[in-house]
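Student: I would like a close look at one part of this model, the largest pocket, together with the helices around it. Could you take me through what lines that pocket and how the neighbouring elements are placed?

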Amino acid sequence: TWGADTTADAALSWWLGYARFQQKDYEKAEQAFGAAVAKAPTFFNSWWYMALARYYRQDYPGAVAAIRTHWEANPEDLVASVAERTQVCVPIVAYLVGWCAREEKPVDAGVLCEVLANVEPEKSDHWNNAGLFWRDAGERLVKENANPEDKELAHAYFEKAYAYYARALEMEPENPGFLNDTAVMLHYN
């Protein structure tokens, strides 16, 4: 009876989603979290729970889309949400990185690696992997498109890739794989 024009029931929707999530009723949990964030866009972690609900239903494209929406809306909140339970959440995000790689979605994989790098900043592989996927995204744009906007975007991806490779090298300056990845990036891109 709250009505469509009020946000007063957003918290109720969120808690309903959480209860359904705990009961493993993932489809209904996603609906409730979606209703909560639609009424109160500042309920950012609803996107994370929607991503988990989709992941557990093997809707991997939907899970990635929810994580990207959360990342774009409030990256700090997403990092905090994943960091709350790293032993469970980091492997889920890592699995989605692998799924994106198999599906040839380097931009999505790059974003997910950024999330992992911010959740576990001490792990150099996350930074290097982010560099790899942003480099792949840039190379794909250059290879497939000749228009100036895509070349500009590819350049931005290469700059982002270099920043992530550089961060990995700061952490492990003698790592031969990181040195090679960075050298390849600089040589070709």
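Tutor: What follows goes from the pocket to its lining and then to several of the helices. Since this is a predicted model, each value below is computed from predicted coordinates.

The largest pocket has a volume of about 230 Å³, and 15 residues line it, with Phe21, Gln22, Tyr49, Leu52 and Arg85 lying nearest its centre. By character, the lining divides into nine nonpolar, three polar and three charged residues. Helix H1 (10-22), helix H3 (45-56) and helix H6 (86-102) each supply at least two residues of that lining, and H3 gives the most, with five residues.

H3 and H6 appear again around helix H4, because the cover over the buried residues of H4, counted by heavy atoms within 4.5 Å, includes H3, helix H5 (75-83), H6 and H7. H4 itself, residues 60-73, has 14 residues and reaches 20 Å from its first C-alpha to its last, close to the 20 Å expected at 1.5 Å a residue. Its buried residues are Tyr60, Gly62, Ala63, Val64, Ala66, Ile67, His70 and Trp71. An α-helix has 3.6 residues a turn, so residues three or four places apart point the same way. At the start of H4, a side-chain oxygen of Asp59 comes to within 2.9 Å of the backbone nitrogen of Gly62.

A single residue of helix H2 (residues 26-39), namely Glu30, also deserves attention. With a relative accessibility of 15%, Glu30 counts as buried, because the cut-off for that term is under 20%. Leaving aside neighbours within four places in sequence, Glu30 is in contact with Met50, Ala53, Arg54 and Arg57, while its C-alpha atom is separated by 8.7 Å from that of Arg20, a residue 10 places away along the chain.

Helix H7 (106-119), which is part of the cover of H4, is also part of the cover of helix H9, together with helix H8 (124-144) and helix H10 (176-188). The buried residues of H9 are Asp150, Ala154, Tyr157, Phe158, Ala161, Tyr164, Tyr165, Ala168 and Leu169. H9 runs over residues 148-171, and because its 24 residues should span 34 Å at 1.5 Å a residue, the 35 Å between its end C-alpha atoms agrees with that expectation.

How values were computed. Residues numbered from 1 in each chain as written. Predicted model: local features only at pLDDT ≥ 70, side-chain atom pairs only at ≥ 80, totals over all residues. Heavy atoms only, no water. Helix = DSSP H or I, 4+ residues; strand = E, 2+ residues; numbered from the N terminus. Expected span 1.5 Å × (residues − 1). Buried < 20%, exposed > 50% of the residue type's maximum accessible area, 1.4 Å probe, protein only. 1 Å grid on protein atoms, 1.4 Å probe; cavity = no way out; pocket = protein on both sides within 12 Å on 5 of 7 lines; lining within 4 Å. Points joined across faces, edges and corners; volume = space filled by probe spheres on them. Nonpolar A, V, L, I, M, F, W, Y, C, P; charged D, E, K, R; others polar. Polar contact = N/O pair within 3.5 Å; in protein donor to acceptor, adjacent residues only side chain to side chain.
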